[in-house]
Amino acid sequence: MLRGVFEHQLEQLQEQLLVMSSQVEGNLVMTAVALQQCDLPRSESLIAADEQINAAYIRIEETCLSLIATQQPRARDLRLITAVMTIAGELERINDYAKGIAKINLQLGYMPRLTAVADLCIMAEKACTMLTESINAFLSRDAVQAYAVYAHDAEIDALYARLQQELLSAILADIQQIIQANKLMWAAHNLERAGDRIGNICERVIYLVTGELVELPTAVNLT
């Protein structure tokens, strides 16, 4: 009976994580679209919504710590609880990056956007897809899928490098674009870091499934 109650608590914990992940995924794409469309009200909403993500993270962390303290989890259960807590922390940081882009949008105001912002939206879409697939790998306990998800981070890195070149070219063509180009560079940096955070989620999925802590660049090269 007690084991059944504990397993139900673990299921509820994973459901909380899934809800949090879904919210962060939506925010990640929405913040880039808002930037491209000069949608300042949407950016303001995204900044305000960050409090909900922070609260969700705190609830998950508190639940995880309570389960560890009161339920004396087995080794596999403990890996699951710590995985949820770690992934929730990564999601909170990813949403901070989305909030940072929203703030950049407000700073730029209604200034016409450089064409390079289109690549920034593509970066956001790829990061969102990676995040969705990394959470799917967690739910299905699929280490192979986690490796495959991480491999897509190279696409985000390539887009980041291309966008840097586009913004540099824009500055060379018109020095007055330097302020916007610099801010868009920071927005792209946030998305590049979001990809790295998703890589951390993949590492945690692999640990949950295999019990081994890996650094994915090394692990991917060996497979």
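**Reading buried cysteines, core and salt bridges**

Modeller: Let us begin with Cys-202, which is buried, its relative accessible area being 1%. The model before us is predicted.

Biologist: How many disulfides does a search of the whole structure find?

Modeller: A disulfide is a covalent bond between the sulfur atoms of two cysteines. The search of the whole structure returns zero.

Biologist: Why does Cys-202 not form such a bond?

Modeller: The closest cysteine sulfur to that of Cys-202 belongs to Cys-128 and lies 14 Å away, too far for a bond, because a disulfide requires sulfur atoms within 2.5 Å. Cys-38 is also buried, at 16% relative accessibility. Its sulfur is 11 Å from that of Cys-121, the closest cysteine sulfur, which is again too far for a bond.

Biologist: Which residues touch the most other members of the largest nonpolar core?

Modeller: They are Leu-120 and Phe-138, in a core of 66 residues. Helices 1 to 7 each supply at least two residues of this core, and helix 3 gives the most, with 14. Leaving aside residues up to four places away in sequence, Phe-138 touches several residues, including Gln-14, Leu-80, Ile-87 and Val-205.

Biologist: How should one read a salt bridge, and how many does the structure hold?

Modeller: One looks for a side-chain nitrogen of Lys or Arg within 4 Å of a carboxyl oxygen of Asp or Glu. The structure holds eight salt bridges. One of them pairs Asp-50 with Lys-99, with the closest N and O atoms 3.1 Å apart. This pair links distant parts of the chain, since Asp-50 is in helix 2 and Lys-99 is in helix 3, 49 residues apart. Asp-50 counts as buried, at 4% relative accessibility.

Biologist: Which helix holds both Asp-96 and Arg-93, and how many residues apart are they?

Modeller: Both are in helix 3, three residues apart, so about one helical turn separates them. Their side chains form a salt bridge with an N to O distance of 2.8 Å. Asp-96 is buried at 18% relative accessibility, whereas Arg-93 is partly exposed at 29%.

Biologist: What is the arrangement around Arg-162 and Glu-166?

Modeller: These two are four residues apart in helix 6, so about one helical turn lies between them. Salt bridges that share partners join Asp-119, Arg-162 and Glu-166 into one network. Between Arg-162 and Glu-166, the closest N and O atoms are 3.9 Å apart.

Biologist: Which residues make the nonpolar surface patch of about 300 Å²?

Modeller: Ile-175, Ile-178 and Ile-179 make it. Ile-175 lies in the loop between helix 6 and helix 7, and it counts as exposed at 56% relative accessibility.

Technical notes. Residues are numbered from 1 along each chain as its sequence is written. This is a predicted model: local features need pLDDT of at least 70, side-chain atom pairs count only at pLDDT 80 or more; totals for chains, interfaces and linings use all residues. Side-chain values use heavy atoms; hydrogens and water are left out. Patches are made of residues with over 30% relative accessible area and no salt bridge: like charges are joined within 9 Å, nonpolar side chains (Val, Leu, Ile, Met, Phe, Trp, Tyr) within 5 Å. Accessible areas come from the Shrake-Rupley method with a 1.4 Å probe; for residues, only the protein chains shown count as cover. Buried means under 20% relative accessible area, exposed over 50%, partly exposed in between (1.4 Å probe, protein chains only). A nonpolar core is a set of buried Ala, Val, Leu, Ile, Met, Phe, Trp, Tyr and Cys residues joined through side-chain atoms within 4.5 Å. Contact means heavy atoms within 4.5 Å.
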